[in-house]
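Please walk through one helix and its surroundings, and then through a few unusual backbone spots elsewhere in the chain.

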Amino acid sequence: MERTPFRVLICDEMNPGNLDHEGFQIDYQGNMDRAETLRRLPEYDALITRSRTKVDRELIDAAGPRLKVIGRGGVGVDNIDLEYASLRGLLILNAPESNNVSAAELAVMHLMAAARGLTRSDSKTRAGTWDRKFLGLELKDKTLGIIGLGRIGSIVADRAQGLRMKVVAYDPYVPETKFERLGVERAESLPELLGRVDALTVHTPATEETIGMIGQRELALLKKDAIVVNAARGGIIEEAALVEALKSGHLFAAGVDVFVDEPPSPDHIFLQAPNLGITAHLGANTREAQERVGAEIVSRVLDALQGDVSKGA
Ligand code: MLT
């Protein structure tokens, strides 16, 4: 007797590649409406999302007993209620390698855009003001501080060194050998890092430890005219504190790709903040990354459904 195929639902935008796999029925509908996801989920053995879909209690409860695996197309799993998912016996998989280069490149883009006033000059020029008075900052010989020297932070360090920046990082979980290999100086504490750098970028996951780790007090420890970038997760740098530090002129400029609540409300404080470049959580959004993410997460989920968890986990 022929086995019923495993059914996999992909409900967020990605490039899932070839959907034709023997023994599986893979349905792709990027940007699926939440109500539809909740309604259709009981028919599936696995769900694949990106960060847009909140895999919370409501969604897990809606799934029913058939769901076994949740695949996260990307690195962070902070959109998933991991505790509840594991209580329900669900296997959570991610694609930790696929979009690191893209995420790192976006952070470097924000750093350079902030240093040269890209968004300010862009909007002035569009509004008909030809303003050549603005003076930006060179990055060469400046010190970049990185919080989190994991996969993405390490690539940012390498690219910043390519710009001839000196790189210092704070990451108590990374061994000395990695700092040495990357040619990155270790800061022993967060205050030490903040006091030393001309630009700061964060590359940590969103956890209880990291959310709010850079607030008013920490921003005040940065040198005047520092640049701040958050292309990791909304809230690692407190939103109100960042806006205040920009308004007061303590910071030269900042760049953010992430918000605490996404999408942000139309009256979000970032939208009126001076010298702040904004992108819409686009770190992983390159053709190349989405091709790799789709292929990696689909293959991990299919392996897991077939019982080969060692390949998937
Ligand atoms: C990630 O965690 O890899 C990204 O935030 C993925 C995404 O853009 O959804």
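**Helix α6 and some backbone exceptions**

In this predicted model, the buried residues of helix α6 are Ile-152, Gly-153, Ser-154, Ile-155, Val-156, Ala-157 and Ala-160. The helix itself covers residues 151-162, 12 residues in number, and its first and last C-alpha atoms lie 17 Å apart, close to the 16 Å expected at 1.5 Å a residue. As a general point, an α-helix has 3.6 residues a turn, so residues three or four places apart point the same way.

What do the buried residues of α6 pack against? Their partners are two helices, α4 (100-116) and α7 (176-182), together with the strands β6 (143-147), β7 (166-170) and β9 (199-202). Just after α6, the backbone at Arg-164 takes a positive phi of about 65°.

Most residues other than glycine have a negative phi, and most peptide bonds are trans. Asp-141, in the loop between α5 (118-126) and β6, has a positive phi near 70°, and this residue counts as exposed because it has 10 C-beta neighbours inside 10 Å. Asp-225, which sits in the loop between α9 (216-221) and β10 (226-230), likewise has a positive phi near 70°; with 13 other C-beta atoms within 10 Å, Asp-225 is partly exposed, because residues are called exposed at 12 or fewer and buried at 20 or more.

The last stop concerns a peptide bond: the one from Glu-262 to Pro-263 is cis, with omega near -5°, and Pro-263 belongs to the loop between β11 (251-256) and β12 (276-278).

Conventions:
Residues numbered from 1 in each chain as written. Predicted model: local features only at pLDDT ≥ 70, side-chain atom pairs only at ≥ 80, totals over all residues. Helix = DSSP H or I, 4+ residues; strand = E, 2+ residues; numbered from the N terminus. Expected span 1.5 Å × (residues − 1). Contact = placed C-beta atoms within 7 Å.
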